[in-house]
Amino acid sequence: MAVYMNADICWWLGKQGIAAFAKSASLASQCNALDTTPIKTSDRYVELIGGLKSGQVSMDLMSDAAANGLDDRLWGYAGTSGVTQSFSIGSAAGSVAYTMQSQGSSYTPWTGAPGDLATGSLQCVSSGVIARGVLLAGDGTAVTSSSTSTPFQVGALSASQRMYVGLHVTAVSGTSPTLAVVLQSDNGVGFASPTNRATLTTETNLTAGYQSTSVAGAVTDDWWRVSYTLGGTTPSFAFAVVVGIAG
């Protein structure tokens, strides 16, 4: 059994890393219970089957009204759907992580009494699958040249499963910089013969700064990584990639 203290948590909403602004956060997954109890029942107990699944995210935030800061990026998020959101229990590659598409349901940018810490809050719901996996690449250090991430044995995919990938670009610099990210798999840690599984749209700036896609099973390879290629003059990108299996 492993126990954890809340520290070094990472959370990305679109192109914004928000863990540094969060005082507390929670991710919850639930499944509606459907009552199938017939009118003729001998044991007099309720009978249930699982219905639709959903997820909720709630955060208490420290307010930030600086130019291009937290409020600048989150304002207008309420009601916006299809925003990639990812969370990892640690900033090191290989940390347990989750990724999903989300929709903002409520955002409070500023609250508090005189003399108090200025705080806000954020609530959102999942739209589609919540996938559990690992952090393949963190945005703690910007990259300036093409390379690959450390491979991890995330797992093979059955015919009913998919590998989901979420990309978050949090900082860009350089002249006409480009970032092309490809999800790859192999049957061994050495990646002697990698297979390209998904090619993400080339990133050039922070206008969007996030995207997601998925790979359908069956895939017998169980090792996964991303390959990334930088272009332009003195390009620099800080980005995070989370992958997870669901189905």
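Strands here are DSSP runs of E at least two residues long, numbered from the N terminus. The views below all come from a predicted model.

**View 1. The largest pocket, with strand β3 in its lining.** This pocket holds about 320 Å³ of space. Its lining takes in 15 residues, and N6, I9, W11, A25 and F87 sit closest to the centre. Which strand puts the most into the lining? That's β3, residues 22-35, which chips in 6 residues. Sorted by class, the lining comes out as 10 nonpolar, 3 polar and 2 charged residues.

**View 2. The second largest pocket, where β7 gives the most to the lining.** Here the volume is about 220 Å³. The residues around this pocket are S29, K53, S54, G55, S126, G128, V129, I130, A246 and G247. Two elements supply two or more of them each: β4 (48-62) and β7 (119-137). Of these, β7 is the top contributor, with 4 residues. How does this lining divide by class? Into 3 nonpolar, 6 polar and 1 charged.

**View 3. The largest nonpolar core, with β12 as its main contributor.** As background, nonpolar side chains in soluble globular proteins tend to be buried together. The core shown has 26 residues, and the members touching the most others are M163, L179, L183, F239, V241 and V243. Three elements each give two or more residues to this core, namely β7, β9 (162-186) and β12 (223-246). The biggest share is from β12, at 9 residues. Zoom in on L179: setting aside neighbours within four places in sequence, L179 is in contact with V169, T201, T202, E203, Y228, T229, L230, F237 and F239. There's also a second, separate core of 15 residues, with L13, V83, M100 and L122 among them.

**View 4. The largest cavity, with residues of β5 and β6 in its lining.** How many cavities of 30 Å³ or more are there? The count is 1. The largest cavity contains about 40 Å³ of space. Around that space you'll find W11, L27, V57, Q85, S86, F87, Y98, T99 and M100. Strands β5 (83-88) and β6 (96-111) are the elements giving two or more residues to this lining. The class tally is 6 nonpolar, 3 polar and no charged.

**View 5. W75 and Y107, an edge-to-face pair.** A search of the whole structure turns up 4 aromatic pairs. In this one, the ring centres of W75 and Y107 are 6.4 Å apart and the planes meet at 65°; anything over 60 degrees counts as edge-to-face, so that's the label the pair gets. Because W75 lies in the loop between α1 (70-74) and β5 while Y107 is in strand β6, the pair ties together parts 32 residues apart in sequence. Buried or exposed, where does W75 fall? W75 is exposed, at 60% relative accessible area. Y107, on the other hand, counts as buried, with 15% relative accessibility.

**View 6. F87 and Y98, a stacked pair.** The rings of F87 and Y98 are 5.9 Å centre to centre, with 20° between the planes. F87 belongs to strand β5 and Y98 to strand β6, so this pair links distant parts of the chain, 11 residues apart. With a relative accessible area of 14%, F87 is buried, because the cut-off for that label is under 20%. Y98 has 21% relative accessibility, so Y98 counts as partly exposed. Ring pairs also bring in W11, giving a cluster of W11, F87 and Y98. Those three residues appear in the lining of the largest cavity too.

Note on methods:
Residues are numbered from 1 along each chain as its sequence is written. This is a predicted model: local features need pLDDT of at least 70, side-chain atom pairs count only at pLDDT 80 or more; totals for chains, interfaces and linings use all residues. Side-chain values use heavy atoms; hydrogens and water are left out. On a 1 Å grid over the protein atoms alone, a cavity is a set of points where a 1.4 Å probe fits but cannot get out, and a pocket is an open set with protein on both sides within 12 Å along at least five of seven lines; lining residues have an atom within 4 Å of a point. Grid points are joined across faces, edges and corners, and a volume is the space filled by probe spheres set on the points. Ala, Val, Leu, Ile, Met, Phe, Trp, Tyr, Cys and Pro count as nonpolar, Asp, Glu, Lys and Arg as charged, and the others, Gly among them, as polar. A nonpolar core is a set of buried Ala, Val, Leu, Ile, Met, Phe, Trp, Tyr and Cys residues joined through side-chain atoms within 4.5 Å. Buried means under 20% relative accessible area, exposed over 50%, partly exposed in between (1.4 Å probe, protein chains only). Contact means heavy atoms within 4.5 Å. Rings of Phe, Tyr and Trp (its six-membered ring) pair if their centres lie within 6.5 Å; planes under 30 degrees apart count as stacked, over 60 as edge-to-face and the rest as tilted.
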